[in-house]
Amino acid sequence: MGRVLVAGAGIVGLSTALSLRRAGFDVAVRERALRIRETGAVIGVWPHTIRELERLGLGERLAEIKAEPGSVRFRDFSGAELATAGMPPARTVHRRRLSALLVSALGEDALRTGKELVEYVEDPDGVTVRYADGDHERADLLVGADGLNSRVRAVLLPGSGSRYQGGHHVWRAVLPFSGEIGDGSPVLGRDRTRGTLVRLADGSCCWVIAQFGTTASTTRSGKEEALARVANLHDGTWPFALRDAVLATPEDSVLHSRVAVVPTISRWAGDRVVLAGDAAHAMSPHIGSGASLGIEDARVLGECLGRAGIAPALAAYQDNRLARYRQVRRHADAMAAAPTPVSYVERFTAYLGWLHDGTG
Ligand SMILES: Cc1cc2nc3c(=O)[nH]c(=O)nc-3n(C[C@H](O)[C@H](O)[C@H](O)COP(=O)(O)OP(=O)(O)OC[C@H]3O[C@@H](n4cnc5c(N)ncnc54)[C@H](O)[C@@H]3O)c2cc1C
């Protein structure tokens, strides 16, 4: 069927490689980093994500990510539970575990690290990709799954660089922590602050603190910034060990991100190149499903290429994705604008319902 190069071995690049291999392509993944290293801590995985991974053929191997689904409950800063009728169950998965599963399903032979794509040139017969080390390769199709600051997107759509989402910051860490942590419910706190503390399958803990409409000090450490927000998430009257967990975290284990997003783009494909995952649509993490949607991109691209030649397949994929993401952005904006924790949960539930069955 032809040869495909996938730039980027994140969750989406690896999923895309599996999907296109199922569609009959000879697929090679090229990753800039010297080793596969999923940054960040955990992701919430919804039944929708599991269904997409099953469709990629992972089936029984999904047991390897070792996460049982649990019902999602939200609390406010006084510990009061917020109604979540209709919210699907979620699994909390260590990113590294999911990434390792995808690499082992693909096979290491299909993957080369230390290969940073710097340029590509399309021609009627295919695409030539050039790497930072001076090497170059030919393929019939290039998939840019190279994330938020995608080089492939920069060449395809000059001027489409990522932008900060004004005043939206996230602090997080994974640490060994033996203290009682509470029930793991995400907290929708005061002053548009959100936080979670969860136990991972390997016994370690992960905390995440995010806030819309804030600034991060240039003089305080990430840990101090996170601690300053704990009061928005916990009034001290109920069992929630977030403060203790943050206090127990070594300074250099705290990851801080100023949330950046990809502006809406009107084109996802050229003649021999196409985008998938964050490279095309990195959105605010408050939708809790960026990876899930990227895995969906991978599946849809494989289906389109399995049915038609490259040009019509890329056109069909682009039409499908543009329509889907118009709706995702509508839901994401509604959630970000939610005036209260209760309305946030309602809007999130509506979004997840739509993600699963297209209604709402
Ligand atoms: C705080 C936070 C919480 C989140 N929570 C969730 C959640 O609960 N559920 C969920 O589904 N999603 C969540 N997301 C979103 C999710 O993390 C992303 O949508 C997803 O990881 C994107 O995967 P990707 O493979 O497209 O990009 P990336 O993970 O960014 O991978 C891109 C890869 O490309 C490589 N690369 C970059 N440039 C080049 C180049 N020039 N040449 C070759 N390789 C290159 C990079 O090294 C990297 O390995 C969250 C995001 C954040 C920031």
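This is a short tour of a predicted model, with suggestions on what to select at each stop.

**Stop 1: the ligand and its shell**

Start by selecting the ligand and the residues around it. There are 28 of them, and Glu31, Gly44, Arg95, Leu117 and Asp278 come nearest. Colour this shell by residue class and you should find nine nonpolar, nine polar and ten charged residues.

Now show the contacts one at a time. Begin with Arg95: one of its polar side-chain atoms lies 2.7 Å from an oxygen atom of the ligand. Move on to Gly290, where a backbone N or O atom sits 3.1 Å from a nitrogen atom of the ligand. Then pick Ala291, which places a backbone N or O atom 3.0 Å from an oxygen atom of the ligand. How much of the ligand does the protein bury? The ligand taken alone exposes 1,000 Å², and 82% of that is buried by the protein.

Next, switch to a cartoon view. Which elements each supply at least two residues of the shell? They are helix H1 (11-22), strand S3 (42-45), strand S12 (163-175) and helix H8 (290-307). Keep H8 highlighted for a moment, since the largest share of the shell, three residues, comes from this helix.

**Stop 2: the nonpolar cores**

Hide the ligand and turn to the protein interior. The largest nonpolar core has 91 residues, and Leu98, Leu142, Val143 and Tyr351 have the most contacts inside it. Select helix H9 (residues 310-336) as well: the largest share of this core, ten residues, comes from there.

Zoom in on Leu142 to see its surroundings. Leaving aside residues up to four places away in sequence, Leu142 touches Leu5, Ala7, Leu117, Tyr120, Val127, Val129, Val152, Arg272, Val273 and Val274. You have met one of these before, as Leu117 is also among the residues that come nearest to the ligand.

Apart from this core lies another, of 21 residues. To find it, select Ile181, Trp207, Leu227 and Phe240, which are among its members.

**Stop 3: a buried serine in a helix**

Select Ser99 in helix H3 (residues 95-106). Is Ser99 buried or exposed? Its relative accessible area is 4%, so it counts as buried. Try drawing a distance from its C-alpha atom to that of Ile65: the two residues are 34 apart along the chain, and these atoms are separated by 9.4 Å.

**Stop 4: a buried serine in a loop**

Go to Ser204, in the loop between strand S14 (193-199) and strand S15 (205-211). Although this serine is in a loop, it is buried, with a relative accessible area of 10%. Show its neighbours next: not counting residues up to four places away in sequence, Ser204 touches Val174, Leu175, Pro176, Val198 and Arg199.

**Stop 5: two residues with positive phi**

For the last stop, follow the chain back to the loop between strand S13 (187-188) and S14, where Asp191 lies. Arg192 lies in the loop between S13 and S14 too.

Check the backbone angles here. Asp191 is not a glycine, yet it has a positive phi of about 55°. Arg192, another residue other than glycine, has a positive phi near 60°.

Finally, switch on the surface. Asp191 counts as exposed because its relative accessibility is 55%, over the 50% cut-off. Arg192 is partly exposed, with a relative accessible area of 42%.

Notes
Residues are numbered from 1 along each chain as its sequence is written. This is a predicted model: local features need pLDDT of at least 70, side-chain atom pairs count only at pLDDT 80 or more; totals for chains, interfaces and linings use all residues. Side-chain values use heavy atoms; hydrogens and water are left out. A residue is near a molecule or strand if one of its heavy atoms lies within 4 Å of it. A polar contact is a pair of N or O atoms within 3.5 Å; within protein, one must be able to donate a hydrogen and the other to accept it, and residues adjacent in sequence count only if both atoms are side-chain atoms. Accessible areas come from the Shrake-Rupley method with a 1.4 Å probe; for residues, only the protein chains shown count as cover. Helices (H or I, at least four residues) and strands (E, at least two) are DSSP runs, numbered from the N terminus. Ala, Val, Leu, Ile, Met, Phe, Trp, Tyr, Cys and Pro count as nonpolar, Asp, Glu, Lys and Arg as charged, and the others, Gly among them, as polar. A nonpolar core is a set of buried Ala, Val, Leu, Ile, Met, Phe, Trp, Tyr and Cys residues joined through side-chain atoms within 4.5 Å. Buried means under 20% relative accessible area, exposed over 50%, partly exposed in between (1.4 Å probe, protein chains only). Contact means heavy atoms within 4.5 Å.
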